[in-house]
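Let's take a look at where this model leaves room between its atoms. Here is the structure to go with it.

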Amino acid sequence: MTDSPWFNKGLRFSCTECGACCTGSPGYVWVTEEEIQKIAEYLGLNVVDFQRKYIRLIYGRKALVEMKSNFDCVFLKEKRCSIYSVRPKQCRTFPWWQQNLSSEQAWKEAAKFCEGIKEEAPLIPYEDIAKVLES
Ligand code: SF4
Ligand code: SF4
């Protein structure tokens, strides 16, 4: 039998769409070829033009461009994601990342910059979190 994870009673979270996870410090939003295609289509661009403008190559992997001045994701406009319906999986699954769920302390650290993690937020059942982790 496997041990239950520390968050087996669920966790409290509700996204306020503050945009803080899309800026603040250097980082990488990794994208797959399929995601690139979807976003390009959404923006009405062909994949070549899209990649030229919005993709950078990091250690051989593709990531979205980030603004040099403030580390904003290139798609963050007025604190909102301008490609929200087609945002990459990495964005869709935040804050349910292994690194944030590895311990209660890690979750508390994530709460320092994600205002959606708070006691007043709705309880997200463990099963829903597990589904995201397995996706
Ligand atoms: S794609 Fe959207 S959700 Fe993802 S980092 Fe950029 S602005 Fe944020
Ligand atoms: S930092 Fe948290 S509350 Fe703000 S947009 Fe990101 S997930 Fe939502």
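What follows is a short tour of the two largest pockets.

This is a predicted model, so to speak of local features takes pLDDT of at least 70 and side-chain atom pairs count only at pLDDT 80 or more, while totals for chains, interfaces and linings use all residues. Residues are numbered from 1 along each chain as its sequence is written, chains are lettered from A and ligands numbered from 1 in the order written, and side-chain values use heavy atoms, with hydrogens and water left out.

A pocket here is an open set of points on a 1 Å grid over the protein atoms alone, where a 1.4 Å probe fits, with protein on both sides within 12 Å along at least five of seven lines; lining residues have an atom within 4 Å of a point. Volume is the space filled by probe spheres set on the points, which are joined across faces, edges and corners.

| Pocket | Volume | Lining |
|---|---|---|
| Largest | about 1,100 Å³ | 43 residues |
| Second largest | about 230 Å³ | 13 residues |

Closest to the centre of the largest pocket sit Cys21, Cys22, Cys91, Phe94 and Trp97. Its lining takes at least two residues each from β5 (80-81), α3 (89-92) and α4 (98-101), and α3 gives the most, three. Helices (H or I, at least four residues) and strands (E, at least two) are DSSP runs, numbered from the N terminus.

In the second largest pocket, Trp6, Leu11, Arg12, Trp107 and Glu119 are closest to the centre. There β1 (11-12) and α5 (104-113) each supply at least two lining residues, with α5 giving the most, four.
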